[in-house]
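Please walk through the structure shown here one part at a time. The text below takes each part in turn.

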Amino acid sequence: MSTPNVLILRAPGTNCDQETAYAFEQAGGKTEILHINRLLENLSLFGRFQILCIPGGFSYGDDVGAGRILANQIAHHLAEQLTEFKAAGKLILGICNGFQVLLKSGILLENDAQAGPAATLTWNDSGRFEDRWVKLGVDGAASVFLAGIESMYLPIAHAEGKFVARDDAVLGRLGSAGQLALRYRPLHDGADQPLDASVPFPDNPNGSVLNVAGVCDASGRVLGLMPHPERHIDRTQHPRWTRGEGSEHGDGLKMFQNAVKYSS
Amino acid sequence: MLWEVDIYPADGQPDLIGQQTAADAADLGLAEDLAVTAARGYLVQAELNSEQVGRIAAELLADAVVERTVVAPVGDVALIQPPAGAEHLVYVLPKPGVMDPVAMSAKQAIADFGIEADEVRTFKKYWIGNLDGKRLGALCSRILANDAIEQVIVGPLPFDRLEVGSPYVFQLVTVPIREMDDEALSNLSVKGQLFLSRVEMQTIQAHFRSLDRDPTDVELETIAQTWSEHCSHKTLAGRIRYQDEHGERHFKNMLKETIFAATMKIRADAGDKDWCVSVFADNAGVVRFDDDYNVVFKVETHNHPSALEPYGGANTGIGGVIRDPMGTGMGAKPVCNTDVFCFAPPDTPADELPPGVLHPRRVMKGVVSGVRDYGNRMGIPTVSGAVYFDPRYLGNPLVYCGNVGLIPVDQSFKHPQPGDLAVAVGGRTGRDGIHGATFSSAELTSESETLSGGAVQIGNAITEKMVLDVLMVARDRGLYNAVTDCGAGGFSSAVGEMGEKIGAEVNLETVPLKYDGLSYTEIWISEAQERMVLAVPEDKWDELKALCDSEGVEATVIGRYVPTGRLVLKYHGTQVADLSMEFLHDGRPPVVRDAVYARRPVLKLSPLDKIDWDYTDELKDILGSLNVASKHWVIRQYDHEVQGGSAIKPLVGAENDGPGDASVVRPRIDSRRGLVIACGMNPCYGDLDTYWMAASAIDEAVRNCVAVGADPTKIAILDNFCWGTTDRPETLGSLVCSALACYDMAVELGTPFISGKDSLNNEFRPEGADEAISIPPSLLISAMGQVEDVSRCVTMDLKAPGNLLYQVGATRNEMGGSHFAQVLGLEGGQVPKVDAPLAKQTFAALHKAIDSGLVRACHDLSEGGLAVAAAEMAFAGGWGARVMLAQVPHEIEADEAAKQRRAELSLSMPDEPLHPLALYPPATSILLFSESNTRFLCEVTQQNAAAFEAAMSGVPCAMIGEVTDTGKLEIIGLTQPIADAESNAVEIGTPVVVEAELGELKEVWQKPLDW
């Protein structure tokens, strides 16, 4: 077993890089936080790493649109390297802003030459940024990151997290392939309802179609999700730990452990 | 060519901006169901063909899945095709020169396509339905745009080029001050927006007469900024002759002899155990945290800019205060933000607004989004705060923003050296924020908007985040000797302060500018945001420059610290200023002011004449009052968990929605040691007694920290005085009186002040009015406590039925300024006092009990007293509570009449167990709603009851009830004679004084600000 090297990619405005690196370290990975300019200068740097993570934040201020500018930079300058990275069987994780970047750059779901991008993340139905905890259910076993996880309790903190697919055909295809891997679940009543059944606000905090909170690619090795697993790797991060709830390593650490284990 | 890109929601997607605009129009009574279609858009000035612009629009500017675009050159008919029902077209654009961060980013991102755009500007475009001209004007000015920073264009855009500034032609300006008479000096002070007093102007005149020359404009501006109230705190740090009922007291430096003196005494008393590191010296106060790190804390206000432009004012308020810890010592890493706001009630009728005043609802929304957008983008959790409402904040809202930072122990001091280069890092300099420092020293009038519009700025958080990223690396690599922020006064303050003990020479033409046309003076005094100044040894410059370049941060040598004791400014080689540092920093004539405090007699607060003994409605009224009501709408818009250190969140309890007393964060993600952040403020008490208002605010801030588990011997506090015009002796007197309370309380509790700031002249004079409206005395006390291990903290939500409830601290007849008095419109009464030695003892005992794990839940008793605290604990925990007022520890004394009646009744009915306060009518409301200080409600398991009682021995404490599974709050009153409403027959009984379902209570508490 070797210790995998994790690349935490940061850009101007990235702000969850340190705690995300810490989560990977706790899971047994070795991390390096690199500015995108370093990668643009030296494309071969990717070769050093087995896992790439684009953490949360507001890359380039989310000016123009959340994650859009970094996504464009990647699409214009790093698409080849990331395609190789994927093809080499390596893992890519995008959290919150990182999910927005992966989706909008076409790395997570391929763009259709005619019809355009398969899906997007747009403004919450509430029209504003919100920080709240959500319950998540896992659909199937497609994603390497989510292996052995059935449900998680994690915080979201975003303004543009509503998942919208281009059309119903795309949605149906992703759903049946198990790529709509992570869904918002009702916090109270309806624990047994199907994943696709409607979950009202605030349990579905942004109005995502089919309650989608995270999406993986066809290989299961690329995952993007809006909630923040790195913010729940310790008991005292749970909002109700003083009521005796939560577990020692939170619900989030397992995702990082899965990635490290897979890459070891 | 000037291209326009309009971006609309695609068919079937919600038009969120349009819907919000229509809702706001309905809120302000302009129109019901107004049809609004909104687009966001970009103007792109570039030599491009339509295919290129189309590609940029599709792939960068718009989201193809949920948006559709219209792309055409400005003037093209395609851009002005109205949607169904639209009658008016309105464009809103940032005024030329106003910061437009999205446009800046878009311009850079366009470069990724291999395309160069000359200029980009954003806009919003609204298609409005049926509305008459007057209402359309109101819609534009009240909802769509703010005249301070935006321009409105009704109809198609009337230009086809974006202006980007014209070149500046140098001309040295001197001001013939030597020959001016007093009137001319006063005129110069006002018209030149120097806002200096006559004596100060005369001092400057005398100085230049002695030099035998006239000053240049930039010399005058530099002096005005350095001497401004904002930068020098000349009133409170000045000489004051103060008089109150104890006699007369003369201060040479009021702040130094009260606030600062308290800290000095505490430090001296602590001896070896002194844990203060740097107080009232640097940009923020510094105290010890653990073996490796110190923590720094600073709270600032940004009131006047927020009154004119709430979003930009609050945005740059939080952005500015974050730069304080970044500019403290060798630079601290910001770890959390705080914010406290004071507004007029948001339901103020729109037609009652004086001219020049923004509606309080709009102010509140703008301020909250301003803090949100900056704090969230910086990746700093906003964890603590409060919102207060009073009609007197209408024209002059208050916006307090705070930031806590973490700094390595050995990086806590800065040492600029002669010969160091003066290096500007970060944002470029523009015309924004000119005269901010002197402007905040002036009273607001309805003309302020036009007079001082330049003082309003928009921030760009990402620029500041980029500066922070490189600053931390540069600090750890030892690339500079000193750092400070460019705040009020711009380079003038930053370079002036850093070079105060050395001297400095600056070449103004080297400063990078946002656009052409700035004069040398504008460059020097601009308060453009996101700039830091470093003192860099010459041999480190190349490495620093390379580091900054590698992350796209602009760094420029603008001058040098030279050991001349002078401040010399040059523009392309021509000397434009030459001032002695000594005159600049020590030449200001002392301000001497009178202050008088006449303590008002305590008026009797008439009690309620209750026949039915039921106070449930009063409790609901208080829970639903704006100060008490849930602030979740504000809190949830802030990321309070970024950086991963959140241990006690601002909202707690079974549904994550109860009002926590203080937030706890772990600033080091690899450690369980925590910081506890809270505040205290009671503007309602200040009208009655500012001494006890200040004492109460300190008690509240400290007890909030203690309630979650903070060690009371390690709580540092900050003062922020916001007051009216202190030229009036009685207004200044009320402030001095509160500063005396600060000294007394801080010394007694052992809680040092480590930093502070004041904002005076918070008054608003409506057009045509003689009298200005002054804000109430508003002293914010911010507190930063520490816990050894966050896993020993407690929250305020009830945990399990069967547990016991204890009230710690005694209830007194202190209803003055209480929320009970406010919702019932009662006047007078004694404001809550503080028994400081007992408070210290109480805090110590309770801390020990919490730290030993004896307490399951703890909530401080503050606004609304015991009844509100019990209600909040119950609905936050989802468990009922039963409280017996007869068991509440108290120091209430019945009046003579009541004592006599009770004695008589006891004789006639010797078997009845009458409570000592049974026949004193106000007793029930006092026990329920009094806001006496130093009180807590604690939940304790039955097993731990004896240990808890032992821990609390020596302080007032009694078991007053229990946690239930009834889903109800029940409060049982005193056993007393009760008259039957119909028969008038009197019987001895024990009334239920509050009974309500938790759901009802929570709803009235959540509803008022659930926007």
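**A guided reading of the model**

This is a predicted model. In chain B the pLDDT averages 93, and 97% of the residues score at least 70. Residues 448–453 of chain B have a pLDDT below 50, and this stretch makes 13 contacts in the model beyond near neighbours in sequence. Chain B is divided into domain 1 (2–154), domain 2 (182–228) and domain 3 (794–1011). The centres of domain 2 and domain 3 of chain B, taken over C-alpha atoms, are separated by 60 Å.

Begin with strand S7 of chain B, which covers residues 239–244. Its side chains alternate between two faces. Ile240(B), Tyr242(B) and Asp244(B) point to one face and are buried, while Arg239(B), Arg241(B) and Gln243(B) point to the other face and are not buried. Which strands pair with S7(B)? One is strand S23 (residues 592–596) of chain B, which runs parallel to S7(B) and is joined to it by five bridges. Another is strand S8 (residues 247–251) of chain B, which pairs with S7(B) in the antiparallel sense, also over five bridges. S7(B) and S8(B) form a hairpin, with two residues between them. Arg241(B) can be used to locate both pairings: Asp594(B) stands opposite Arg241(B) in S23(B), and His250(B) stands opposite Arg241(B) in S8(B). In general, the strands of a sheet pair through backbone hydrogen bonds, in either a parallel or an antiparallel sense.

Next comes an open sheet of seven strands in chain B, with the order S17-S19-S15-S20-S18-S21-S22 and mixed pairing. The edges of this sheet are strand S17 (482–485) and strand S22 (574–580) of chain B, each of which pairs on one side only. From one strand to the next, the twist averages 25 degrees. At the S17(B) edge, four bridges connect S17(B) with strand S19 (residues 531–536) of chain B, and the two run antiparallel. Within this pairing, Val483(B) has Leu534(B) in S19(B) as its bridge partner. Helix H7 (residues 217–226) of chain B packs on the sheet, where it touches strand S21 (566–571) and S22 of chain B. The direction of H7(B) makes about 35 degrees with that of S22(B).

Another strand of chain B, S13 (residues 382–389), holds Ser384(B). Is Ser384(B) buried or exposed? Ser384(B) counts as buried because its relative accessibility is 13%, under the 20% limit for that class. Leaving aside residues up to four places away in sequence, Ser384(B) touches Asn337(B), Thr338(B), Asp339(B), Ile677(B) and Ala678(B).

The helices come next. In helix H3 (residues 101–111) of chain B, the buried residues include Pro101(B), Ala103(B), Ser105(B), Ala106(B), Ala109(B) and Ile110(B). An α-helix has 3.6 residues a turn, so residues three or four places apart point the same way. What covers the buried residues of H3(B)? The cover includes strand S2 (36–45), helix H2 (50–61) and strand S5 (119–128) of chain B, together with H3 of chain A.

That helix of chain A, H3 (residues 68–77), packs against helix H4 (residues 79–87) of chain A at an angle of about 85 degrees, and their axes are 5 Å apart. H3(A) is therefore roughly perpendicular to H4(A), a class that takes in angles from 65 to 115 degrees. Where the two helices meet, Ile74(A), Ala75(A) and His77(A) are on the H3(A) side, and Ala79(A), Gln81(A) and Leu82(A) are on the H4(A) side.

Some backbone details remain. Most residues other than glycine have a negative phi, and most peptide bonds are trans. The peptide bond from Phe201(A) to Pro202(A) is cis, with omega near 5 degrees. Pro202(A) lies in the loop between strand S9 (182–185) and strand S10 (212–216) of chain A. Leu210(A) is also found in the loop between S9 and S10 of chain A. Leu210(A) is not a glycine, yet its phi is positive, at about 50 degrees. With 26% relative accessibility, Leu210(A) counts as partly exposed. In chain B, Phe195(B) likewise has a positive phi, near 50 degrees, and is a residue other than glycine. Phe195(B) lies in the loop between helix H5 (182–191) and helix H6 (198–211) of chain B. Its relative accessible area is 25%, so Phe195(B) is partly exposed.

How values were computed
Residues numbered from 1 in each chain as written. Chains lettered and ligands numbered in written order. Predicted model: local features only at pLDDT ≥ 70, side-chain atom pairs only at ≥ 80, totals over all residues. Heavy atoms only, no water. Buried < 20%, exposed > 50% of the residue type's maximum accessible area, 1.4 Å probe, protein only. Pairing = 2+ DSSP bridges. pLDDT = per-residue confidence, 0-100. Contact = heavy atoms within 4.5 Å. Domains from an automatic or database assignment. Axes fitted to C-alpha atoms, helices over the stretch in contact; angles between N-to-C directions. Parallel < 35°, antiparallel > 145°, perpendicular 65-115°, else oblique.
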